[in-house]
Amino acid sequence: MKIIYITTSIEKNDFETIYQDGSSLPNPAGQNFHRRLINSLATENELEIISSVPAGIKTVFKDKNHYHYVYGGNNKIDAFLSKPNKIIDIGTKLFKEDKPIVLFDPLNITVAKAATKLAKLRHLKCVCILTDNPNNLANPHYLYSNRVLHYAHQTDGSISLVEPL
């Protein structure tokens, strides 16, 4: 099976570089979970990863090991507006002659927006990876929770960390 995995997780060596250069670190637990899932899926499938690099990362990484990095603009609003189109541009070039499945983390609105649009554009199956309820996060804004659930409901299915999700 061919899979396009859209996430904020970055390649292991690149994550270690961030740790060493003093950039603000993405959530290590989330990084670890998605990296392990990516590694597991890659043992039996062809996998390409589109990684939306979190804001605040000083280092610019080159694409490698099936990771395609996407950077935003100079601020969060600029990034929010530009990243989905950059993700879609990359996603339209991956497995061009095939029908891969799109997997994504709906807890990142930019990733979720891009993944669902890419799947619709290419007529692909789209599956979200549910790791947490957005309402369980610390002080979630109503609009954030609403958008996470909106994009999660646009999918063809989900993979859930635990059954209640």
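Reader: Where is the place of His66?
Author: Let's start by saying that this is a predicted model. Strand E2 covers 46-52 and strand E3 covers 67-70. His66 sits in the loop between strand E2 and strand E3.

Reader: Is His66 buried, partly exposed or exposed?
Author: Buried means under 20% relative accessible area and exposed means over 50%. His66 has a relative accessible area of 47%. That value lies between the two cut-offs, so His66 is partly exposed.

Reader: What is phi of His66 near?
Author: His66 is a residue other than glycine, yet its phi is positive. The value of phi for His66 is near 70°.

Reader: Which residue has a positive phi of about 50°, and where does it lie?
Author: Look in the loop between helix H3 (76-93) and strand E4 (101-104). The residue there is not a glycine, although its phi is positive, at about 50°. At 14% relative accessibility it counts as buried, because the cut-off for buried is under 20%. The residue is Phe95.

Reader: Okay, zooming out: what pattern does the protein follow along the sequence?
Author: The protein has five helices and six strands. Read along the sequence, they come in the pattern β-α-α-β-β-α-β-α-β-α-β.

Reader: What percentage of the residues of the protein count as buried?
Author: The protein has 165 residues. It exposes about 9300 Å², and carbon and sulfur atoms supply 52% of that. As for the residues that count as buried, the share is 44%.

Reader: What share of the contacts with a separation of 6 or more comes from residues 24 or more positions apart?
Author: Take Ile50 and Ile87 as an example of residues that are far along the chain from each other: they are 37 residues apart in sequence. Ile50 is in contact with Ile87, among others. For the protein, residues 24 or more positions apart account for 70% of the contacts with a separation of 6 or more.

Reader: Is Ile50 buried or exposed?
Author: Ile50 lies in strand E2. Leaving aside neighbours within four places in sequence, its contacts include Ile4, Ile6, Val70, Ile90 and Leu94. Its relative accessible area is 0%, and under 20% means buried, so Ile50 is buried.

Reader: How many Å apart in space are Ile50 and Ile87?
Author: Ile87 is one of the residues of H3 that meet H4, and Ile50 lies in strand E2. Going from C-alpha to C-alpha, Ile50 and Ile87 are 6.8 Å apart.

Reader: Is Lys62 buried or exposed?
Author: Lys62 has its place in the loop between E2 and E3. Its C-alpha atom is separated by 9.5 Å from that of Asp14, 48 residues apart along the chain. Its relative accessible area is 70%, and the cut-off is over 50%, so Lys62 is exposed.

Reader: Why is H3 oblique to H4?
Author: Two packed helices are described by the angle between their axes and the distance between the axes. The axes of H3 and H4 come within 9 Å, and they cross at roughly 40°. Roughly parallel needs an angle under 35 degrees and roughly perpendicular needs 65 to 115, so this crossing makes H3 oblique to H4.

Reader: What is the handedness of the crossing of H3 and H4, and how many residues of each class are in the contact?
Author: The crossing is right-handed. On the H3 side, Phe80, Ile87 and Ile88 are among the residues involved, and they meet residues of H4 including Ala114, Leu118 and Leu121. By class, the contact has eight nonpolar, three polar and four charged residues.

Reader: Which residues of H4 is Ile88 in contact with?
Author: Ile88 is in helix H3, and it is buried, with a relative accessible area of 12%. Its C-alpha atom is separated by 8.9 Å from that of Leu121, 33 residues along the chain. Leaving aside neighbours within four places in sequence, Ile88 is in contact with Ala114, Lys117, Leu118 and Leu121.

Reader: How is H4 placed relative to H5, parallel or perpendicular?
Author: The axes of H4 (residues 109-122) and H5 (residues 142-153) come within 10 Å and cross at roughly 25°. Angles under 35 degrees count as roughly parallel, so H4 is roughly parallel to H5.

Reader: Which residues make the contact of H4 with H5?
Author: H4 passes H5 in a left-handed crossing. By class, the contact has five nonpolar, one polar and two charged residues. They are Ile109, Ala112, Lys113 and Thr116 of H4, and Tyr144, Arg147, Val148 and Tyr151 of H5.

Key:
Residues are numbered from 1 along each chain as its sequence is written. This is a predicted model: local features need pLDDT of at least 70, side-chain atom pairs count only at pLDDT 80 or more; totals for chains, interfaces and linings use all residues. Side-chain values use heavy atoms; hydrogens and water are left out. Helices (H or I, at least four residues) and strands (E, at least two) are DSSP runs, numbered from the N terminus. Buried means under 20% relative accessible area, exposed over 50%, partly exposed in between (1.4 Å probe, protein chains only). Contact means heavy atoms within 4.5 Å. Accessible areas come from the Shrake-Rupley method with a 1.4 Å probe; for residues, only the protein chains shown count as cover. Axes are lines fitted to C-alpha atoms, for helices over the stretch in contact, and angles run from 0 to 180 degrees between N-to-C directions. Angles under 35 degrees count as roughly parallel, over 145 as roughly antiparallel, 65 to 115 as roughly perpendicular and the rest as oblique. A crossing is left-handed if the near helix is turned anticlockwise from the far one by less than a right angle, and right-handed if clockwise. Ala, Val, Leu, Ile, Met, Phe, Trp, Tyr, Cys and Pro count as nonpolar, Asp, Glu, Lys and Arg as charged, and the others, Gly among them, as polar.
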